Amino acid sequence: MNKLNLFGQPYQDGKKVISPSISISFAQCYQFYKPYDYFAVHTSHKPMKLAKYTVHDKNSGDEWLTRARRTALFSDTTYLAPVKFNKLKHGKLLERVCLAMHCDHLTCWVSPSGTMFILNEPYLDDPNYLIKLSSQELIGVVVPTDLSPYCGGWNPNFGSKPGTTSYLICDISDADELAHLFSSLDLEQIPAWNCVKGVNHD
(Lines give C-alpha, C1' and ligand atoms only; values in the text may rest on other atoms or scores of the structure.)
Protein backbone atom coordinates (compact mmCIF):
# COMPACT_ATOMS: atom_id res chain seq x y z
CA MET A 1 0.00 0.00 0.00
CA ASN A 2 1.10 3.55 -0.74
CA LYS A 3 0.54 6.22 1.88
CA LEU A 4 -0.13 9.64 0.43
CA ASN A 5 -1.09 13.00 1.85
CA LEU A 6 -3.69 14.80 -0.24
CA PHE A 7 -4.28 18.52 0.14
CA GLY A 8 -7.53 20.37 -0.48
CA GLN A 9 -8.11 23.89 -1.73
CA PRO A 10 -7.17 26.35 1.04
CA TYR A 11 -9.84 28.60 2.48
CA GLN A 12 -10.00 31.45 4.97
CA ASP A 13 -11.39 31.19 8.48
CA GLY A 14 -11.36 34.77 9.65
CA LYS A 15 -7.81 35.93 9.02
CA LYS A 16 -6.36 32.43 9.16
CA VAL A 17 -5.70 30.42 5.98
CA ILE A 18 -6.66 26.77 6.41
CA SER A 19 -5.13 24.05 4.23
CA PRO A 20 -7.26 20.88 4.60
CA SER A 21 -5.55 17.53 4.08
CA ILE A 22 -6.06 13.80 4.43
CA SER A 23 -3.72 10.83 4.56
CA ILE A 24 -4.94 7.97 2.36
CA SER A 25 -3.68 4.44 1.77
CA PHE A 26 -3.57 3.66 -1.95
CA ALA A 27 -2.97 0.31 -3.62
CA GLN A 28 -1.71 2.19 -6.67
CA CYS A 29 0.23 5.39 -7.30
CA TYR A 30 -1.51 8.78 -7.27
CA GLN A 31 -1.52 9.07 -11.08
CA PHE A 32 -3.41 5.78 -11.41
CA TYR A 33 -6.64 7.29 -10.06
CA LYS A 34 -6.49 10.60 -11.92
CA PRO A 35 -8.46 9.46 -15.00
CA TYR A 36 -11.53 9.50 -12.74
CA ASP A 37 -12.54 13.06 -13.58
CA TYR A 38 -13.55 13.97 -10.02
CA PHE A 39 -10.61 12.46 -8.13
CA ALA A 40 -8.18 15.35 -8.15
CA VAL A 41 -10.47 18.37 -8.59
CA HIS A 42 -9.61 20.92 -5.89
CA THR A 43 -7.10 18.46 -4.42
CA SER A 44 -3.41 17.89 -5.01
CA HIS A 45 -0.60 15.65 -3.80
CA LYS A 46 1.19 18.84 -2.70
CA PRO A 47 -0.02 21.95 -0.82
CA MET A 48 -1.87 24.53 -2.90
CA LYS A 49 -1.98 28.31 -2.70
CA LEU A 50 -5.07 30.18 -1.62
CA ALA A 51 -7.04 31.13 -4.73
CA LYS A 52 -7.62 34.86 -5.25
CA TYR A 53 -11.35 34.33 -5.63
CA THR A 54 -12.38 31.41 -3.48
CA VAL A 55 -15.72 30.04 -2.37
CA HIS A 56 -14.20 27.09 -0.56
CA ASP A 57 -14.78 26.38 3.11
CA LYS A 58 -14.51 23.52 5.59
CA ASN A 59 -17.41 21.61 4.04
CA SER A 60 -16.01 21.80 0.51
CA GLY A 61 -12.63 20.59 1.80
CA ASP A 62 -14.30 17.66 3.52
CA GLU A 63 -16.35 16.85 0.42
CA TRP A 64 -13.46 16.76 -2.05
CA LEU A 65 -10.99 14.98 0.21
CA THR A 66 -13.43 12.23 1.16
CA ARG A 67 -14.31 11.90 -2.54
CA ALA A 68 -10.67 11.18 -3.26
CA ARG A 69 -10.65 8.59 -0.47
CA ARG A 70 -13.76 6.88 -1.84
CA THR A 71 -12.36 6.86 -5.37
CA ALA A 72 -9.30 4.96 -4.17
CA LEU A 73 -11.45 2.60 -2.08
CA PHE A 74 -13.77 1.88 -5.00
CA SER A 75 -10.90 1.19 -7.38
CA ASP A 76 -8.86 -0.84 -4.91
CA THR A 77 -11.88 -2.92 -3.83
CA THR A 78 -13.17 -3.74 -7.33
CA TYR A 79 -9.74 -3.81 -9.05
CA LEU A 80 -11.24 -1.50 -11.68
CA ALA A 81 -8.99 1.15 -13.18
CA PRO A 82 -10.40 4.52 -14.26
CA VAL A 83 -9.58 5.34 -17.87
CA LYS A 84 -10.07 8.40 -20.02
CA PHE A 85 -12.93 8.20 -22.50
CA ASN A 86 -11.91 6.94 -25.91
CA LYS A 87 -14.63 7.12 -28.59
CA LEU A 88 -13.32 4.08 -30.46
CA LYS A 89 -13.11 1.90 -27.34
CA HIS A 90 -16.00 3.20 -25.25
CA GLY A 91 -18.27 5.10 -27.62
CA LYS A 92 -20.85 2.41 -28.39
CA LEU A 93 -21.13 1.25 -24.78
CA LEU A 94 -21.52 4.83 -23.56
CA GLU A 95 -24.15 5.55 -26.21
CA ARG A 96 -26.23 2.57 -25.06
CA VAL A 97 -25.93 3.67 -21.42
CA CYS A 98 -27.17 7.15 -22.34
CA LEU A 99 -30.12 5.73 -24.27
CA ALA A 100 -31.31 3.82 -21.20
CA MET A 101 -31.75 6.78 -18.84
CA HIS A 102 -30.54 10.14 -17.60
CA CYS A 103 -26.76 10.26 -17.22
CA ASP A 104 -24.49 12.45 -15.13
CA HIS A 105 -20.87 12.23 -13.98
CA LEU A 106 -20.16 9.46 -16.48
CA THR A 107 -16.74 7.81 -16.25
CA CYS A 108 -15.09 4.79 -17.88
CA TRP A 109 -13.42 1.93 -16.01
CA VAL A 110 -11.67 -1.27 -17.07
CA SER A 111 -11.12 -4.55 -15.22
CA PRO A 112 -7.85 -6.53 -15.22
CA SER A 113 -9.43 -8.83 -17.84
CA GLY A 114 -10.14 -5.87 -20.12
CA THR A 115 -13.90 -5.67 -19.54
CA MET A 116 -15.27 -2.15 -19.96
CA PHE A 117 -17.57 -0.58 -17.39
CA ILE A 118 -19.40 2.73 -17.23
CA LEU A 119 -20.02 4.45 -13.92
CA ASN A 120 -23.10 6.68 -14.00
CA GLU A 121 -23.58 8.87 -10.91
CA PRO A 122 -26.71 10.99 -11.44
CA TYR A 123 -28.71 13.07 -8.98
CA LEU A 124 -31.87 11.65 -10.54
CA ASP A 125 -32.66 8.28 -8.94
CA ASP A 126 -35.05 6.19 -11.04
CA PRO A 127 -36.20 3.00 -9.26
CA ASN A 128 -36.67 1.37 -12.68
CA TYR A 129 -33.23 2.27 -13.97
CA LEU A 130 -31.69 -1.18 -13.72
CA ILE A 131 -34.68 -2.61 -15.61
CA LYS A 132 -34.34 0.03 -18.32
CA LEU A 133 -30.73 -1.01 -18.90
CA SER A 134 -31.89 -4.39 -20.20
CA SER A 135 -33.51 -2.66 -23.19
CA GLN A 136 -29.98 -1.85 -24.36
CA GLU A 137 -28.64 -5.32 -23.47
CA LEU A 138 -26.84 -3.85 -20.49
CA ILE A 139 -26.73 -4.83 -16.84
CA GLY A 140 -25.88 -2.75 -13.80
CA VAL A 141 -25.67 -2.69 -10.02
CA VAL A 142 -26.08 0.06 -7.47
CA VAL A 143 -22.70 0.69 -5.87
CA PRO A 144 -22.90 0.74 -2.05
CA THR A 145 -23.09 4.36 -0.94
CA ASP A 146 -20.00 4.24 1.25
CA LEU A 147 -17.99 2.96 -1.72
CA SER A 148 -19.47 5.33 -4.31
CA PRO A 149 -16.84 7.74 -5.62
CA TYR A 150 -18.90 10.86 -6.34
CA CYS A 151 -21.56 11.21 -3.59
CA GLY A 152 -22.75 14.67 -4.59
CA GLY A 153 -24.66 16.90 -2.22
CA TRP A 154 -22.39 16.99 0.81
CA ASN A 155 -24.06 16.47 4.17
CA PRO A 156 -21.83 15.98 7.22
CA ASN A 157 -24.62 14.68 9.48
CA PHE A 158 -24.36 11.10 10.70
CA GLY A 159 -26.68 8.75 8.80
CA SER A 160 -27.37 11.18 5.98
CA LYS A 161 -27.40 10.10 2.33
CA PRO A 162 -25.83 11.85 -0.66
CA GLY A 163 -27.90 13.29 -3.48
CA THR A 164 -26.39 11.02 -6.12
CA THR A 165 -26.61 7.29 -6.73
CA SER A 166 -23.78 5.36 -8.39
CA TYR A 167 -24.62 2.74 -11.03
CA LEU A 168 -21.89 0.47 -12.38
CA ILE A 169 -22.87 -0.78 -15.84
CA CYS A 170 -21.50 -3.20 -18.43
CA ASP A 171 -22.64 -5.29 -21.39
CA ILE A 172 -24.96 -8.11 -20.38
CA SER A 173 -22.40 -10.63 -21.64
CA ASP A 174 -20.14 -9.54 -18.77
CA ALA A 175 -22.80 -10.05 -16.08
CA ASP A 176 -20.81 -12.73 -14.22
CA GLU A 177 -17.81 -10.44 -13.82
CA LEU A 178 -20.02 -7.62 -12.55
CA ALA A 179 -21.68 -9.93 -10.03
CA HIS A 180 -18.33 -10.89 -8.49
CA LEU A 181 -17.02 -7.34 -8.02
CA PHE A 182 -18.83 -6.83 -4.71
CA SER A 183 -19.38 -10.46 -3.68
CA SER A 184 -16.77 -10.44 -0.90
CA LEU A 185 -17.29 -6.84 0.19
CA ASP A 186 -17.40 -6.24 3.95
CA LEU A 187 -19.20 -2.92 4.35
CA GLU A 188 -18.37 -2.79 8.06
CA GLN A 189 -14.72 -2.27 7.13
CA ILE A 190 -15.50 0.78 4.98
CA PRO A 191 -15.93 4.24 6.54
CA ALA A 192 -19.21 6.05 6.02
CA TRP A 193 -19.28 8.09 2.82
CA ASN A 194 -19.17 11.35 4.80
CA CYS A 195 -16.80 10.19 7.54
CA VAL A 196 -14.21 12.93 8.07
CA LYS A 197 -11.93 10.98 10.39
CA GLY A 198 -8.38 11.73 9.27
CA VAL A 199 -9.29 14.97 7.52
CA ASN A 200 -7.21 17.77 9.02
CA HIS A 201 -7.98 21.50 8.90
CA ASP A 202 -4.71 23.17 9.92
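## Exercises on a sheet and a cavity

Let's warm up with one pair: threonine 107 stands opposite leucine 119 in E8. Keep in mind that this is a predicted model.

**Exercise 1.** Find out how strand E7 is joined to strand E8, and which residue in E8 stands opposite tryptophan 109.

*Solution.*
- Start with the strands: E7 covers residues 107-110 and E8 covers residues 116-120.
- Next, look at their pairing. They run antiparallel and are joined by four bridges.
- Now pick out tryptophan 109, which has phenylalanine 117 in E8 opposite.
- Finally, follow the chain between the strands. E7 and E8 make a hairpin with five residues between them, and glycine 114 in the turn has a positive phi of about 100 degrees.

**Exercise 2.** Place E7 in its sheet: what is the strand order, and which strands stand at the edges?

*Solution.*
- The sheet is open and has five strands, in the order E6-E7-E8-E10-E9, paired antiparallel.
- The edges belong to strand E6 (81-83) and strand E9 (138-142); each has a single partner strand, so one side of each is left without a neighbour in the sheet.
- On average, neighbouring strands of this sheet are turned by 35 degrees against each other, direction ignored.
- For E6, the partner can be seen through three bridges to E7, with the two strands running antiparallel. Valine 83 has cysteine 108 in E7 as its bridge partner.

**Exercise 3.** Work out whether the residues on the two faces of E7 are buried or exposed, and which elements of the sheet are touched by helix H2 and by helix H3.

*Solution.*
- Take one side of E7 first: Thr107 and Trp109 are buried there.
- Turn to the other side, where Cys108 and Val110 are buried too. Both faces of E7 are therefore covered.
- Helix H2 packs on the sheet and touches E6, E7, E8 and strand E10 (167-171). The direction of H2 makes about 35 degrees with that of E7.
- Helix H3 (residues 87-100) also packs on the sheet, touching E6, E7, E8, E9 and E10. Its direction makes about 40 degrees with that of E8.

**Exercise 4.** Describe the largest cavity: which residues line it, and which helix gives the largest share of the lining?

*Solution.*
- A search of the whole structure turns up one cavity of 30 Å³ or more, and the space in the largest cavity is about 30 Å³.
- Gly8, Gln9, His42, His56, Ser60, Gly61 and Trp64 form the lining.
- Sort them by character: one is nonpolar, six are polar and none is charged.
- The largest share, three residues, comes from helix H2 (residues 58-78).

How values were computed
Residues are numbered from 1 along each chain as its sequence is written. This is a predicted model: local features need pLDDT of at least 70, side-chain atom pairs count only at pLDDT 80 or more; totals for chains, interfaces and linings use all residues. Side-chain values use heavy atoms; hydrogens and water are left out. On a 1 Å grid over the protein atoms alone, a cavity is a set of points where a 1.4 Å probe fits but cannot get out, and a pocket is an open set with protein on both sides within 12 Å along at least five of seven lines; lining residues have an atom within 4 Å of a point. Grid points are joined across faces, edges and corners, and a volume is the space filled by probe spheres set on the points. Ala, Val, Leu, Ile, Met, Phe, Trp, Tyr, Cys and Pro count as nonpolar, Asp, Glu, Lys and Arg as charged, and the others, Gly among them, as polar. Two strands pair if DSSP finds at least two bridges between them. Axes are lines fitted to C-alpha atoms, for helices over the stretch in contact, and angles run from 0 to 180 degrees between N-to-C directions. Contact means heavy atoms within 4.5 Å. Buried means under 20% relative accessible area, exposed over 50%, partly exposed in between (1.4 Å probe, protein chains only).
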